[in-house]
Amino acid sequence: MTKTDTYFMQIAIDLSIHSVENKGGPFGAVIVKNGTVISKASNSVTLDNDPTAHAEINAIRSACSTLKTFDLSECIMYTSCEPCPMCLGAIYWARIDKLFYANDRNDAKNIGFDDSFIYEELEKQLSKRSIPTIRIMQNEAIKAFEDWKQKTNKIRY
């Protein structure tokens, strides 16, 4: 950890505090590339009526828009809290190189943001999950995958 890392983390923390003051959730995230802030965002789930509008997701969307790419390689994320499973998945999909966080999942749990049930659900067999998950029409759906496999000019991601 460097002074630069603490500088960018403080921005994420300030975003989380500002978000609380403005009726958002207590989370902030910053994405940096080559020492420059590419995007910064806070949680806007209740403001946007969007359960995916976590600070990390909002920051990823903004960074991708700014850089005009879906690949955030060479970027670093600073987030005020350890990412939830959804955000962590997005961070991996975006190919972010490094992640710094401040609060952890237990700190979040202590204020009512408990993701442990999602971690537990991911470990269960599909038939044992709390949301019924039923596979249907695979024979019809596989056509898109077959078409993708044969496509010669696809953009891999």
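The following paragraphs describe a helix pair, a set of salt bridges and a nonpolar surface patch in a predicted model.

A convenient place to begin is the pairing of helix 3 with helix 4. Helix 3 covers residues 55–67, and helix 4 covers residues 85–94. Their axes come within 9 Å and cross at roughly 25°. Since angles under 35 degrees count as roughly parallel, helix 3 is therefore described as roughly parallel to helix 4. The crossing of the two helices is left-handed.

The loop that follows helix 3 leads to strand 3, which spans residues 75–81. Two residues of this loop deserve attention, namely Phe70 and Asp71. Phe70 is partly exposed, its relative accessible area being 39%. On the surface, Phe70 joins Trp93, Trp148, Ile155 and Tyr157 in a nonpolar patch, and together these residues present about 650 Å² of accessible area.

Asp71, for its part, takes part in a salt bridge with Arg95, with an N to O distance of 3.6 Å. Arg95 lies in the loop between helix 4 and strand 4 (98–103), whereas Asp71 lies in the loop between helix 3 and strand 3, so this pair ties together parts that are 24 residues apart in sequence. Both partners are partly exposed: the relative accessibility is 32% for Arg95 and 28% for Asp71.

In general, side chains of opposite charge can pair when their charged atoms come close. The model contains five salt bridges, counted with a cut-off of 4 Å between a side-chain nitrogen of Lys or Arg and a carboxyl oxygen of Asp or Glu. One of them involves helix 3 itself: Asp50 pairs with Arg61, and their closest N and O atoms are 3.9 Å apart. Because Asp50 belongs to the loop between helix 2 (45–48) and helix 3 while Arg61 belongs to helix 3, the contact ties together parts that are 11 residues apart in sequence. Asp50 has a relative accessible area of 23% and is partly exposed; Arg61, at 45%, also counts as partly exposed.

Another of the salt bridges joins the side chains of Lys124 and Glu121, at 2.8 Å from N to O. Here the two partners fall into separate accessibility classes. Lys124 counts as partly exposed at 35% relative accessibility. Glu121 has a relative accessible area of 15% and is therefore buried, since the class covers residues under 20%.

Key: Residues numbered from 1 in each chain as written. Predicted model: local features only at pLDDT ≥ 70, side-chain atom pairs only at ≥ 80, totals over all residues. Heavy atoms only, no water. Patch = residues over 30% accessible without salt bridge, like charges linked within 9 Å, V, L, I, M, F, W, Y side chains within 5 Å. Areas by Shrake-Rupley, 256 points an atom, 1.4 Å probe, with all protein chains shown as cover. Helix = DSSP H or I, 4+ residues; strand = E, 2+ residues; numbered from the N terminus. Buried < 20%, exposed > 50% of the residue type's maximum accessible area, 1.4 Å probe, protein only. Axes fitted to C-alpha atoms, helices over the stretch in contact; angles between N-to-C directions. Parallel < 35°, antiparallel > 145°, perpendicular 65-115°, else oblique. Left-handed = near helix turned anticlockwise from the far one by under 90°.
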